[in-house]
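Reader: I'm new to looking at protein models. Could you walk me through how to read one?

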Amino acid sequence: MSTLKANTIQNTSGGAVTLTNQSAAKMFANLNGSGTIALRKSSNVSGTTDNGTGDYTFSFTNSFSDNDYAPVVGMTAKGSFAANSMPQYYESGGDGALATGSIRCGNNTRQQAADAADADFYPIAIFGDLA
């Protein structure tokens, strides 16, 4: 058996590596969405935007190949609302479709638009193919 050790792996042109037969997340973020938003940790995120109360946009460093990727948001937390938080996705392509270069997400504490709240803890991961 051989062991391969490396600190960084890139494709021959310096971009993202194509993983075959893998289903690893191609983007993830752990966002502090309260006050001045800040990423605690992330991968394939070039920036975040605070669009208003409980409304965030994540821009990707490397775009997805199409808008058929699968975003997954874990249980978000906001003080006493932690047990009731319901993450939502907003359209990010303008036509109800997901965009390949970013995703706009929201946090709604009680499944009603009027109950949107900034999330102290907002985790997201996306599975799909990079361009």
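Reader: Where should I start, and what is the mean pLDDT of the chain?

Author: Start with confidence, as this is a predicted model. The mean pLDDT of the chain is 81, and 76% of the residues reach 70 or more.

Reader: In which strand is confidence lowest, and in which is it highest?

Author: Strand 6, residues 86–89, has the lowest confidence, with a mean of 63. Strand 2, residues 38–43, has the highest, at 96. Take care with residues 80–84 too: the pLDDT there is below 50, and this stretch has 9 contacts in the model beyond near neighbours in sequence.

Reader: Next, the fold. How many helices and strands does the chain have?

Author: There are 0 helices and 8 strands, and reading along the sequence gives β-β-β-β-β-β-β-β. Contacts tell you how the sequence comes together: among those with a separation of 6 or more, 58% join residues 24 or more positions apart.

Reader: How much of the chain is buried?

Author: Of the 131 residues, 31% are buried. From the outside, the accessible surface of the chain comes to about 7,700 Å², and carbon and sulfur atoms account for 47% of that.

Reader: Let me try a single residue. Where does alanine 99 lie, and why does it count as buried?

Author: Alanine 99 is in the loop between strand 6 and strand 7 (102–108). Its relative accessibility is 17%, and buried means under 20%, so alanine 99 counts as buried. Now look across to phenylalanine 64: the two are 35 residues apart in sequence, but 8.4 Å apart in space from C-alpha to C-alpha.

Reader: And what about backbone angles? What should I look for?

Author: Most residues other than glycine have a negative phi. Asparagine 44 has a positive value, with phi near 65°. You will find asparagine 44 in the loop between strand 2 and strand 3 (45–52). Asparagine 44 also counts as buried, because its relative accessibility is 11%.

Reader: Last one: pockets. How much space lies in the second largest pocket?

Author: The general idea is that rolling a probe the size of a water molecule over the atoms shows where empty space is left. Here, the second largest pocket holds about 190 Å³ of space. It is lined by 10 residues, and the closest to its centre are Ala16, Lys26, Ser43, Asn44 and Leu130. By type, the lining of this pocket divides into 6 nonpolar, 3 polar and 1 charged.

How values were computed. Residues numbered from 1 in each chain as written. Predicted model: local features only at pLDDT ≥ 70, side-chain atom pairs only at ≥ 80, totals over all residues. Heavy atoms only, no water. pLDDT = per-residue confidence, 0-100. Helix = DSSP H or I, 4+ residues; strand = E, 2+ residues; numbered from the N terminus. Contact = heavy atoms within 4.5 Å. 1 Å grid on protein atoms, 1.4 Å probe; cavity = no way out; pocket = protein on both sides within 12 Å on 5 of 7 lines; lining within 4 Å. Points joined across faces, edges and corners; volume = space filled by probe spheres on them. Nonpolar A, V, L, I, M, F, W, Y, C, P; charged D, E, K, R; others polar. Buried < 20%, exposed > 50% of the residue type's maximum accessible area, 1.4 Å probe, protein only. Areas by Shrake-Rupley, 256 points an atom, 1.4 Å probe, with all protein chains shown as cover.
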